[in-house]
Amino acid sequence: MQNLIARARRALWTFKQPLTKTPKLMGVPVSDLFVWRNSDVWQTFFELTDISGLFVDHEKMPEHYVTFFFFDNEGVLLFEKRLDLICNQRQTIDLSVFLLDSKCTFGTFCVFHSYTPKVVSDLGSFITERGYVSYRYNGAPLCAYVHGNFDAISLWPDKRMKMLGVKSFLPREFRVQHELLGPALYEIGVVNSSSKVQHLSCQILSIQSGKILDIYKTVMLPRGVHVFQVKLEQSATARVIIKSHLVMARPLVFRINNHKMDVFHG
């Protein structure tokens, strides 16, 4: 009986609720929804790699480029940018050059590769871009890097973009694994990779006392991103609980201390 109850409880959290959806059309390109930042103190770069070239010779490809789609913080498409790939090479792309005229200081972007080798689609797989984004803060000589999170969006032949994030039947909690340590300013970015509007809260709890220090709430549109700011004084410690209907609400965390910055997934 206990086993049946446990299985029933698990079904509430797993039935038709995978981490991400699989595109229904084979061969379509897939991408993460990365976060871009651009201001007087922020620059964003992307490490662009010739993924298809790992599977097939360049001479056999009918086309060899990627298309960047840039969105604002509310998920509204700003513009798209096509860039040619260099065979079997990596390019560091300064995204801030493209975002000079943007009125917002952060948003999301995705990267779709133009060609899917047959050997990839025959395996039931997809060319997916989940590469590295780097951020430069306040003119620092070195950038901080973070890898893509998970499959978030796909591009169909008719140019429609379909979200791959999944909405949970029941509200879920994502407990950020990193322990917030003061003195520092934390900026916690959450992306809505689902096709539904998300009501999200970010709860900050003191580790010393266990008391709730603050609760931030927001409404996120599909493809949008929201950044919560948490400032901790000397010796303060805290943990973060993100509540939403996203199956996986793992955030991007920026930690700023004086002129030093680090970035990582929570």
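This short talk covers two pockets and one buried serine in a predicted model.

A word on the basis first: this is a predicted model, in which local features need pLDDT of at least 70 and side-chain atom pairs count only at pLDDT 80 or more, while totals for chains, interfaces and linings use all residues. Residues are numbered from 1 along each chain as its sequence is written, and side-chain values use heavy atoms, with hydrogens and water left out.

Let me begin with the largest pocket, a pocket being an open set of points on a 1 Å grid over the protein atoms alone, where a 1.4 Å probe fits, with protein on both sides within 12 Å along at least five of seven lines. Its volume, the space filled by probe spheres set on the points, is about 270 Å³. Of its 16 lining residues, which have an atom within 4 Å of a point, the closest to the centre are Pro29, His113, Ser114, Leu155 and Lys159. Strands S4 (65-72), S5 (77-84) and S7 (106-113) each give two or more residues to this lining, a strand being a DSSP run (E) of at least two residues, numbered from the N terminus, and S4 gives the most, with three.

The second largest pocket holds about 180 Å³ of space, and its lining includes Lys21, Pro23, Trp156 and Lys162.

Finally, Ser31 sits in strand S1 (residues 30-31) and is buried, at a relative accessible area of 0%, where buried means under 20% with a 1.4 Å probe and protein chains only. Leaving aside neighbours within four places in sequence, Ser31 has contacts (heavy atoms within 4.5 Å) with residues including Cys110, Phe112, Glu129 and Asp151.

Note on methods
Helix = DSSP H or I, 4+ residues; strand = E, 2+ residues; numbered from the N terminus. Buried < 20%, exposed > 50% of the residue type's maximum accessible area, 1.4 Å probe, protein only.
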